[in-house]
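Good morning, colleagues. I should like to speak briefly about aromatic side chains and their surroundings. Please look at the display as I begin.

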Amino acid sequence: MEETRDWTTDVLDFIQHIESDVFTLQEVYKFEGKLSNLYPNNKNIKAKIR
């Protein structure tokens with residue numbers, strides 16, 4: 001089954017939930033679980049975020 005969601009758009013949507021204009025990679029990693037749910041076949045979530 002091919003992914004129909006757009007990874008980059010989903011990551012950027014999560015970043016918009018960070019309440020600061022400046023954020024760390026660790027803050028984005030907090031969305032790893034949600035991204036895993038959206039992309040269950042992706043076993044390299046953190047690497048792809050980077």
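Let me start with Y39. In this predicted model, Y39 is buried, with a relative accessible area of 4%. Its partner is W7, which is also buried, at 11% relative accessible area.

How many aromatic pairs are there by the rule applied here? The count is two. In one of them, the ring centres of W7 and Y39 lie 5.1 Å apart and the planes meet at 65 degrees; over 60 degrees counts as edge-to-face, so this pair is assigned to that class. The pair connects distant parts of the chain, 32 residues apart: W7 belongs to helix α1, residues 7–15, while Y39 sits in the loop between α3 (32–38) and α4 (45–49).

F14 and F31 also form an aromatic pair, and this one is stacked, with 5.1 Å from centre to centre and 20 degrees between the planes. Because F14 is in helix α1 and F31 is in the loop between α2 (25–29) and α3, the pair ties together parts 17 residues apart in sequence. Are F14 and F31 buried or exposed? Both are buried.

I turn next to D10, which is placed in helix α1. D10 is buried, with a relative accessible area of 7%. Leaving aside residues up to four places away in sequence, D10 touches R5, L35, L38 and, once again, Y39.

Finally, a charge over a ring: K46 lies over the face of Y29, at 5.0 Å from the ring centre.

Definitions and conventions
Residues numbered from 1 in each chain as written. Predicted model: local features only at pLDDT ≥ 70, side-chain atom pairs only at ≥ 80, totals over all residues. Heavy atoms only, no water. Phe/Tyr/Trp six-rings, centres within 6.5 Å; stacked < 30°, edge-to-face > 60°. Helix = DSSP H or I, 4+ residues; strand = E, 2+ residues; numbered from the N terminus. Buried < 20%, exposed > 50% of the residue type's maximum accessible area, 1.4 Å probe, protein only. Lys NZ or Arg CZ within 6 Å of the ring centre and 35° of its normal. Contact = heavy atoms within 4.5 Å.
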